[in-house]
Amino acid sequence: MRHIKIFDTTLRDGEQSPGVALNHAQKLEIAHQLARLGVDIIEAGFAISSPGDFECIQRIAQEVHGPVICSLARLNKADIERAAMALEPAEKRRIHVFTSASKIHLEKMLKKTPEQILDLSREMIQFALQFTDDVEFSAQDVMRADPEFVFQLYAAAIEAGATTINIPDTVGYGAPNEYGRIIRTIHDDVVAGRNVAISTHCHDDLGMATALSLAAVENGATQIECTINGIGERAGNTSLEEVVMAIHTRKDWYHAETRINTRELYRASRLVSRLTGMPVQPNKAIVGDNAFAHESGIHQDGVLKHKDTYEIMNAELVGREAAVMVMGKHSGRAAFRKALSDLGYEFSDEKINALFARFKDLADRKGQIYADDLRALVESRTDVP
Ligand code: KIV
Ligand code: ZN
């Protein structure tokens, strides 16, 4: 089994979600939960971006033990020095330097030629290596860049000493197989057996960040960059809980595992949602309210007979209460009988049939039916045999 490292960037890319600003105490609380979860690397912030970010990275570096603590830095000495200073107290520290690979970024944003980017990347990676032997290199917007330049840039980064090369699909443009092919070429021809980790960093603009990240794992990546609940710039980043549970549930396919304590996933999701003020959509995989709820009669009947009929993982495994049966107009007789039995009511088939007809009428009018509605239904004076 290959070990896939989980690089959590909730506190850096995740905090770039529109409208989100976490204070020190909140960031520290999230960092402690990430350590409990067992992530391998915490990207704690972008040290030069503000004095607040600097202090917060420093406190996380002092107080959070276990994961490698990382700060982002652009390709300039001031950024790298600031990152190194903030990370100084950490047991294990990483400096993550980044530039861009696409023509549009180089020409319109950075105003540099490809040769200048190559030189600067080599020079700044070597500069960062003075402060730590763990230096990650990223080039933004790989999926809209010229692949030949991408390969040349990452080859230069490896020669300069980068220990992890991260391949960002910054604007969520890639198709899964296309991204997988780029990762495969980087793995086979650029890294070519050297001791350098390949990392994936995807955004969800077309709803495919998880698919791309997993395509990267299939093609040689051993690190996934992701955030809790998939929060981040625009449509967000790869969702940590999704990739972790996909790898866990389909070990047979990915032949890989993470070190995440999956039982802490739900708690991490609730915490991040509460502190960022970003609700989780009900149908969100793994952590949404409906992710382990069954409503239709056929599904409820199946799950009551054997839960594996409609469940590919246990709710308990991700730290949630057991799967729930939602009572509504699609519910069947078996689930209705079970719901009444859970409330302490045991009835004959005849009485169940009569009550069930009234339950269906009520569900048509009301939508979801709760325990109190069931009690009222049973205890109302309407005559049933
Ligand atoms: O999306 C991106 O390209 C980034 C880089 C800084 C890694 O967040
Ligand atoms: Zn990003």
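# Worked exercises on a predicted model

Lys 360 has 17 C-beta neighbours inside 10 Å and therefore counts as partly exposed. The model is predicted, and the exercises below start from this residue.

**Exercise 1. Place Lys 360 in the fold and check its exposure class.**

Solution.
- Step 1: Lys 360 belongs to helix α14, which covers residues 349-366.
- Step 2: A residue is buried with 20 or more other C-beta atoms within 10 Å, exposed with 12 or fewer, and partly exposed in between.
- Step 3: The count for Lys 360 is 17, so the class is partly exposed.
- Step 4: Leu 37 is 323 residues away from Lys 360 along the chain, and their C-alpha atoms are separated by 43 Å.

**Exercise 2. Describe the protein chain as a whole: its elements, extent, burial and contacts.**

Solution.
- Step 1: The chain contains 15 helices and 12 strands.
- Step 2: Its C-alpha trace spans about 85 × 40 × 40 Å along the principal axes.
- Step 3: The chain has 385 residues, and 44% of them count as buried.
- Step 4: Take the contacts with a separation of 6 or more; residues 24 or more positions apart account for 73% of these.
- Step 5: UniProt, in an unreviewed entry, lists residues 4-266 as "domain: Pyruvate carboxyltransferase". This span is 44% helix and 18% strand, with its end C-alpha atoms 20 Å apart.

**Exercise 3. List the residues around ligand 1, then sort them by class and by element.**

Solution.
- Step 1: The shell consists of Asp 13, Phe 98, Ser 138, Gln 140, Asn 166, Pro 168, Thr 170, His 201 and His 203.
- Step 2: Two or more of these residues come from each of the strands β6 (135-140) and β7 (164-169).
- Step 3: By class, six shell residues are polar, two are nonpolar and one is charged.

**Exercise 4. Which positions does UniProt mark as "binding site", and how far do they spread in sequence and in space?**

Solution.
- Step 1: The unreviewed UniProt entry gives Asp 13, His 201, His 203 and Asn 237 for this feature.
- Step 2: These positions are spread over 225 residues of sequence, yet they cluster in space, with a largest C-alpha distance of 10.4 Å.

**Exercise 5. Are Asp 13 and His 203 buried or exposed, and what does each residue touch?**

Solution.
- Step 1: Asp 13 sits in the loop between β2 (5-8) and α1 (24-37).
- Step 2: Because Asp 13 has 24 C-beta neighbours inside 10 Å, it counts as buried.
- Step 3: Beyond four places in sequence, the contacts of Asp 13 are Thr 227, Gly 232, Glu 233 and Asn 237.
- Step 4: His 203 is in the loop between β8 (197-202) and α8 (209-218).
- Step 5: His 203 has 25 C-beta neighbours inside 10 Å and so counts as buried.
- Step 6: With residues up to four places away left out, His 203 touches residues including Asp 169, Thr 170, Ala 209, Gly 232, Glu 233 and Asn 237.

**Exercise 6. How do the axes of helices α2 and α3 cross, and which residues meet?**

Solution.
- Step 1: The axes of α2 (residues 51-63) and α3 (residues 77-87) come within 7 Å and cross at roughly 40 degrees.
- Step 2: This angle makes α2 oblique to α3.
- Step 3: On the α2 side the residues are Phe 54, Ile 57, Gln 58 and Ala 61, which meet Arg 82, Ala 86 and Leu 87 of α3.
- Step 4: The residues of this contact comprise five nonpolar, one polar and one charged.

Technical notes: Residues numbered from 1 in each chain as written. Chains lettered and ligands numbered in written order. Predicted model: local features only at pLDDT ≥ 70, side-chain atom pairs only at ≥ 80, totals over all residues. Near = placed C-beta within 6 Å. Helix = DSSP H or I, 4+ residues; strand = E, 2+ residues; numbered from the N terminus. Nonpolar A, V, L, I, M, F, W, Y, C, P; charged D, E, K, R; others polar. UniProt positions renumbered as here; feature names shortened; annotations may be inferred. Contact = placed C-beta atoms within 7 Å. Axes fitted to C-alpha atoms, helices over the stretch in contact; angles between N-to-C directions. Parallel < 35°, antiparallel > 145°, perpendicular 65-115°, else oblique.
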